[in-house]
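Me: I have a structure open and would love to talk it through with you. Shall we go question by question?

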Amino acid sequence: MPPNLGLVCITVSNAVRYRTITRKRLLEHSPDAQRRLLDELYRSNIQVLDGALRYCEQAGIALYRMPSSIFPFADEDIGREVLAPFAATLARTGTRALERGIRLVMHPDQFVVLSSDSAGVVENSIKILQMHADIMDLLAQPRTPWALLEIHGGKANRDDALVATIARLPDAIRCRLGLENDEYAYSAAEIHAICLRTGVPMVFDAHHHIVHEKLDSYDDPSVGEMLDKARATWAVPEHQLVHISNGRASFNDRQHADLITTMPASYARAPWIEIEAKSKEDAIDGLAGWRAAAG
């Protein structure tokens, strides 16, 4: 089977666009008005999510990363209160995704740092992750890495702290958690070692790897080697998920290019690939030939 390519959050076109609200704007209103604003926003974003799944189905896209901000303030009491009545609606949406073979994943933002040396930052990170896990539960997604919550290792040289924090995470988080290598703090080899210690699957990012190791090609032998090592951390190897992007200004530029013009040869055997390119669906369309050849 050719690799499944994934759409990240929105489209370049206006087909998939979510609404949001800032804390400043929300707090300008009374509590009742805040609830009304969030209710309207949540209703709108659920409709957009349904539209995103229809878009993916029509485009033959089997992997969709939902935005972390799909339900702003859902990690606070007011957001949880407003979101709760949508449980049945969200369950139907998530069940349709499962029935149609569309995989849903999320990538919490950079403020999630489970390896921080600040207890407050760690507890807030767990709170944010719990919100993501709650959304997956509301969407009737399995408590497995199929419904992946992808995060980075966080603060460097804090391996033991990260392992200890992961061990005490609630099941709804821990059973879905995946760890991704990055350009600076945690190399692919370091994240792989932590994944072996925690039983958490590794999300291999080839571009982060070549930037961290200062490599000049995606076909450096270490790319394929890390892809295979990462797959061995997945309880269901066929569910392995990886990331790809290209450098914008140069091969080793950490900024993402609009399209994917260079793919690692080894990625032909990666079952699920999130396409982290600025041009979103255009980048996926541009990989049609590569995907056909990979299959």
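Me: Let's start inside the sheet. Which residue in S8 does Val 242 stand opposite?
Reply: Happy to help, and keep in mind that this is a predicted model. Strand S7, residues 241-244, pairs with S8 in the parallel sense over four bridges. Within that pairing, the residue opposite Val 242 is Ile 273.

Me: Which residue of S8 stands opposite Leu 5?
Reply: Leu 5 falls in strand S1, residues 4-8, which runs parallel to S8 and is joined to it by three bridges. The partner of Leu 5 in S8 is Ile 273.

Me: And the side chains of S8: are they buried or exposed?
Reply: Strand S8 covers residues 272-275. Trp 272 and Glu 274 point one way, while Ile 273 and Ile 275 point the other way. Whichever way they point, all of these residues are buried.

Me: Let me zoom out. How many helices and strands does the protein have?
Reply: The strands we just visited, S1, S7 and S8, belong to a protein that also contains helices. The full tally is 12 helices and eight strands.

Me: What is the radius of gyration, and how does it sit with the globule rule?
Reply: For 295 residues the globule rule gives 19 Å, and the protein comes close to that, so it is as compact as a globular protein of that length. Its C-alpha atoms fill a box of roughly 60 × 45 × 35 Å along the principal axes. The radius of gyration itself is 19 Å.

Me: What share of the contacts with a separation of 6 or more joins residues 24 or more positions apart?
Reply: For background, 53% of the 295 residues count as buried. Among contacts with a separation of 6 or more, the share from residues 24 or more positions apart is 74%.

Me: Now the loops. Is Asn 157 buried or exposed?
Reply: Asn 157 lies in the loop between S4 and helix H6, residues 159-167. Its phi is near 60 degrees, a positive value in a residue other than glycine. Since the cut-off for exposed is over 50%, and Asn 157 has 73% relative accessibility, it counts as exposed.

Me: Where does Ala 140 fall by accessibility?
Reply: Ala 140 sits in the loop between helix H5 (119-138) and strand S4 (149-152). Phi of Ala 140 is also positive, near 60 degrees. Most residues other than glycine have a negative phi. With 35% relative accessibility, Ala 140 counts as partly exposed.

Technical notes
Residues are numbered from 1 along each chain as its sequence is written. This is a predicted model: local features need pLDDT of at least 70, side-chain atom pairs count only at pLDDT 80 or more; totals for chains, interfaces and linings use all residues. Side-chain values use heavy atoms; hydrogens and water are left out. Helices (H or I, at least four residues) and strands (E, at least two) are DSSP runs, numbered from the N terminus. The radius of gyration is taken over C-alpha atoms; the globule rule is 2.2 Å times the number of residues to the power 0.38. Buried means under 20% relative accessible area, exposed over 50%, partly exposed in between (1.4 Å probe, protein chains only). Contact means heavy atoms within 4.5 Å. Two strands pair if DSSP finds at least two bridges between them.
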